[in-house]
Amino acid sequence: DPVVRVWDPGTGGQLDELDTGHPHGVDSVRISPDGAWLVTTGTTDPGGDRHARDPVIRIWAPVAADRSDRFDAGHPHGVGTVHVPPDGAWVATTGHLGRDPAVRVWDAVTGAQRCRLETSHRHGVGGVRVSPDGGWLATVGAPGDPVVRIWDPAAGTQRHRFDAGHPHGVREVYVSPDGDWLATAGFPDDPVVRIWDPVVGRQRHRIDTGHAAGVGGAYVSPDGAWLATTGPPGRDPVVRVWDAATGGKRCELDTGHAGRTRGVFPSPDGAWLATTGLDGDSVVRIWDTTTGRQLYQLDIGQPGGVRRVHISRDGRVLVAHGSALVVFGLVDSGRLAVIRSDGDIRSSALMEPGPVLVLGTSRGLYALRLIAD
């Protein structure tokens, strides 16, 4: 389906309908931070060569007369990922299937190419992370590539190159909210997380997390004071919280989720976090990130388990849902409210101000305004 529809979550009314022109449908949509424009990319020809991706990206101004800027991003196997900085000044694109070592940076207003970063990652770009101020971006390669490169997207030049020391390559990069540091994690069986200074390209801390089967995921607090690590799927229920400034362990949470902790959701002030388990685990647990003490838990009472968790911007409301039930919890009092959906809940988003919970179900799209009193 090549059509993108734009909706008003307050009224539920449709604001615009964009026929994007992607011949095989829309693969992804990225929205600018101020909501003034969005970017669409296309998907693979389902009956053709799996390497023949849509090379075109389109920038749209919804609800406007002059709405579209179309340009060929120049990636030989089509567009893989799109990245937008917080100020929305530019758009960075990578190629598909990890076969393209170039990152291209485009002006979001004119569509002109600002620069092309020849990253030299041997098997293509595996990931891109953008600093919160848009002043730099980091690239990593495909599995097996241990190198991280820091780039200036304005000048198109490389600032730093460092070997992150992960024996099987860099699996993920996590950036602090203020851009003061970034953390790297490796592939399975690597229990080490390293914290780096992106300005000078030097390692600050090496953290041996103690996850016997390696690091499955890491989660950064909104204030950048700590990061939490988990083990790989189905093998480790423990969450460990680390001080980003010192590299020391703040606390350890034996979450009690059978098999493993699936998701970690930090509160806006970093004072607590919520955890969920694997499919079938219907409990959300709330933890104090200083003491490691469990504050309370919410059981959404669904055999399929928790699908999504959302936290309001002020940290007062936590929303969890499964396939049919939505549970609202007031964090300071533990009070609950439950709403049953008349269709299978397939997607959700929490929008501010409000907050407004948007549910995509098998019966349609719904917007619920949450009121905490």
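Two strands pair if DSSP finds at least two bridges between them. Strands (E, at least two residues) and helices (H or I, at least four) are DSSP runs, numbered from the N terminus.

This is a predicted model: local features need pLDDT of at least 70, side-chain atom pairs count only at pLDDT 80 or more, and totals for chains, interfaces and linings use all residues. Residues are numbered from 1 along each chain as its sequence is written, and side-chain values use heavy atoms, with hydrogens and water left out.

**View 1. Strand E12 is mostly covered.** E12 spans residues 137–141, and 5 of its 5 residues are buried (under 20% relative accessible area, 1.4 Å probe, protein chains only). Leu137, Thr139 and Gly141 point one way. Ala138 and Val140 point the other way.

**View 2. E11 pairs with E12 in the antiparallel sense.** E11 covers residues 125–130, and 5 bridges link the two strands. Arginine 129 has alanine 138 in E12 as its bridge partner. The strands form a hairpin with 6 residues between them. In that turn, glycine 134 has a positive phi of about 75°.

**View 3. E12 also runs antiparallel to E13.** E13 covers residues 147–152 and is joined to E12 by 4 bridges. Threonine 139 stands opposite arginine 149. This hairpin has 5 residues between its strands. Glycine 144 in the turn has a positive phi of about 100°.

**View 4. The close-ups belong to a chain of 33 strands and 0 helices.** Of its 373 residues, 52% count as buried. The C-alpha atoms fill a box of roughly 50 × 50 × 35 Å, taken along the principal axes.

Terms used: Buried means under 20% relative accessible area, exposed over 50%, partly exposed in between (1.4 Å probe, protein chains only).
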